[in-house]
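Notebook, open on the bench: I want to look up a helix packing and a ligand site, and I note what I find as I go.

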Amino acid sequence: MYINQLKNTLRFDNVPLQTISVKEKSRNHDISILRLDMLHPQVSGNKWFKLQYYLDGFFRSGKGVLATFGGAYSNHIAATAAACQLLEIPCVGWIRGEEPAQYSPTLERAVHQGMQLRFVERTAYRNKEKIMSENPDYYWIPEGGYGHLGMLGAADIWNYVSQKETYSHVFLAVGSGTTTAGILHGATIGQHIMGVSVMKNNLSLEKEIAALASPSEMSQLQLLHGFHFGGYAQKNDELLAFMHDMWQQYRIPLDFVYTAKAFYALMQEAREGNFSEKNKVLFIHTGGLQGNQSLSREGK
Ligand SMILES: *Cc1c(COP(=O)(O)O)cnc(C)c1O
């Protein structure tokens, strides 16, 4: 019931499938892009999908305060703060690291939206079990929405893809792997799910996705580890130029932490002619554009 209230606030009718034509070696190739970034400015993209069943769980729990974890630039913190404001849920964000002299744009906005912040020194932050057990009155959402409920919520993304069975390849950015597990859960047999890891050498990723997906779902997954651009939230001029290019050519806005790296991987595969004539490619734009606010602070 409450969730429908939130769904009404978000523009669920406004998630277009944008199709662009990309020149390959010998021919043009169509790529469809599911623009989840257009859902809502802060509750954007995959984070809303991962949150929805946790929010529902909060209302069912009878608890008074919702709490979760994240870093200073976290899209999960941004989405949680925005969703809690819309639903009038009191919420607390446990933020990794000492309290900074100047808050990141993400944290500034979260506070403005009514989220209380608790800064936790990095070593203590790692022990989330302890933090949760010391605060049993809160309804806890795992960091990044990782977990079974997050996976189920992410599977709902498929509801916005018409003729989903026609896509042979689906590309998306991978952080915790929750969204990828959801996409695997809702995929059609034979589809190739291409997860682009945004972290350097995140070798536990496969195991973490496997904890949320079945073995047969896992057999449809291919993880790409070569597009991290130096590591999580790292970037270089090539990536920034690519983002600029995609905006100029196709009017696709990308964020430097997730979607730019995943879309770069897709375009590279296309350029190298790795898709056959029969292949049909879908890119899931997972949102996260609020993270780009830190670019303007750097003066870029
Ligand atoms: C969090 C995030 C991801 C990664 O999602 P996971 O479910 O953690 O793998 C991808 N894209 C964007 C824009 C995100 O904010």
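At roughly what angle do the axes of helix α11 and helix α12 cross? I am working on a predicted model, in which local features need pLDDT of at least 70 and side-chain atom pairs count only at pLDDT 80 or more, while totals for chains, interfaces and linings use all residues. Residues are numbered from 1 along each chain as its sequence is written, and side-chain values use heavy atoms, with hydrogens and water left out.

I find that the axes of α11 (residues 237-250) and α12 (residues 259-271) cross at roughly 75° and come within 10 Å. That makes α11 roughly perpendicular to α12 (65 to 115 degrees). In contact (heavy atoms within 4.5 Å), I list Glu238, Leu239, Phe242, Met243, Met246 and Tyr250 from α11 against Ala260, Lys261, Phe263, Tyr264 and Met267 from α12. I count these contact residues as 9 nonpolar, no polar and 2 charged.

Turning to the ligand, I see 15 residues around it (a heavy atom within 4 Å), the closest being Lys47, Asn75, Ser176, Thr179 and Thr286. I note that a side-chain N or O atom of Ser176 is 2.6 Å from a ligand oxygen, and that a side-chain N or O atom of Thr286 is 2.6 Å from a ligand nitrogen.

Definitions and conventions
Axes are lines fitted to C-alpha atoms, for helices over the stretch in contact, and angles run from 0 to 180 degrees between N-to-C directions. Helices (H or I, at least four residues) and strands (E, at least two) are DSSP runs, numbered from the N terminus. Angles under 35 degrees count as roughly parallel, over 145 as roughly antiparallel, 65 to 115 as roughly perpendicular and the rest as oblique. Ala, Val, Leu, Ile, Met, Phe, Trp, Tyr, Cys and Pro count as nonpolar, Asp, Glu, Lys and Arg as charged, and the others, Gly among them, as polar. A polar contact is a pair of N or O atoms within 3.5 Å; within protein, one must be able to donate a hydrogen and the other to accept it, and residues adjacent in sequence count only if both atoms are side-chain atoms.
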